[in-house]
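Me: Please take a close look at one strand of this model, and at what surrounds it. Keep it brisk.

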Amino acid sequence: MKSTKYGADKNILIAPELAHTVGCIVGNTGVEANSEGRKIVKAGTPVGGTVDVLIERQTVLTTCNTAENGANAQGLLLHDVDVTEGNANATLIVAGVVDTAKLDVTIVDAAKNALTKIILQKGENK
């Protein structure tokens, strides 16, 4: 039996009206299962790959939060994504202002350098 959680997700954007987001597909390669056996990629995680998702819309993105692959980051995930059962649809922030106080992940410098249209700002943690 599959259950679905309903409710409002945490908003990591400081000015949602100024953000540019696109739909994307996130893969589960390299994602560790949590204590409940679920593979969750957290909101704010840099994802990307060698193929530009804005040009090839069906590109499967992977996490890019290491020094080795951070330069391939194309954006940050807007919400948590469950990839336990394989590839999953997600929303990718490609431009905007993200509140780092609301992130459950630390973005490595290589990914920060690749995300030239995303401003990372520490706001209030509510």
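Reply: What follows covers one strand, its partners, the core it feeds and the loop after it.

This is a predicted model. The strand to look at is E7, residues 88-99. Of its 12 residues, 10 are buried, so the rest of the structure largely encloses E7.

Start with the pairing. Strand E1, residues 20-26, runs antiparallel to E7, and 7 bridges join the two. One position to check is Val-26, which stands opposite Ala-88 in E7. Strand E5, residues 73-77, is also antiparallel to E7, with 2 bridges between them. Here Leu-77 has Leu-92 of E7 as its bridge partner. The pairing with strand E8, residues 118-121, is parallel and has 4 bridges. Val-97 is paired there with Ile-119 in E8.

Next, the packing. In soluble globular proteins, nonpolar side chains tend to be buried together. The largest nonpolar core in this model has 15 residues. Cys-24, Val-26, Leu-77, Val-81, Val-83 and Leu-92 touch the most other members. Two elements, E1 and E7, give two or more residues to this core. E7 supplies the largest share, with 4 residues. Leu-77 and Leu-92 thus appear twice in this account: as bridge partners, and among the core members with the most contacts to other members.

Val-26 deserves its own check. Leaving aside neighbours within four places in sequence, Val-26 is in contact with Val-41, Val-60, Leu-61, Leu-77, Val-81, Val-83, Gly-86, Asn-87, Ala-88 and Ala-90. Ala-88, which stands opposite Val-26 in the strand pairing, is in that list. A second, separate core has 14 residues, including Ile-12, Ala-43, Cys-64 and Ile-118.

Now the cysteines. A search of the whole structure finds 0 disulfides. Cys-24 is in none, and its nearest cysteine sulfur, that of Cys-64, is 11 Å away. The cut-off for a disulfide is 2.5 Å between the sulfur atoms, so a pair at 11 Å does not qualify. Cys-24 is buried, at 3% relative accessible area. Cys-64 is buried as well, with 2% relative accessibility. Cys-24 is a member of the largest core, while Cys-64 belongs to the second, separate one.

Finally, follow the chain out of E7. The loop between E7 and helix H1 (109-114) holds Lys-102. At 18% relative accessibility, Lys-102 counts as buried, because the cut-off is under 20%. A polar atom of the Lys-102 side chain lies 3.5 Å from the backbone oxygen of Asn-11.

Thr-106 is in the loop between E7 and H1. Thr-106 counts as exposed, because its relative accessibility is 66% and the cut-off is over 50%. Thr-106 and Glu-36 are 70 residues apart in sequence, and their C-alpha atoms are 22 Å apart.

Ile-107 also lies in the loop between E7 and H1. Ile-107 is buried, with a relative accessible area of 7%. Its C-alpha atom is 7.1 Å from that of Thr-45, although the two residues are 62 apart along the chain. Beyond its neighbours within four places in sequence, Ile-107 is in contact with Gly-44, Pro-46, Asn-65, Leu-76, Lys-112 and Leu-120.

To sum up, E7 is largely enclosed and gives the largest share of the largest core. The loop after E7 includes buried Ile-107 and exposed Thr-106.

Conventions: Residues are numbered from 1 along each chain as its sequence is written. This is a predicted model: local features need pLDDT of at least 70, side-chain atom pairs count only at pLDDT 80 or more; totals for chains, interfaces and linings use all residues. Side-chain values use heavy atoms; hydrogens and water are left out. Buried means under 20% relative accessible area, exposed over 50%, partly exposed in between (1.4 Å probe, protein chains only). Two strands pair if DSSP finds at least two bridges between them. A polar contact is a pair of N or O atoms within 3.5 Å; within protein, one must be able to donate a hydrogen and the other to accept it, and residues adjacent in sequence count only if both atoms are side-chain atoms. A nonpolar core is a set of buried Ala, Val, Leu, Ile, Met, Phe, Trp, Tyr and Cys residues joined through side-chain atoms within 4.5 Å. Contact means heavy atoms within 4.5 Å.
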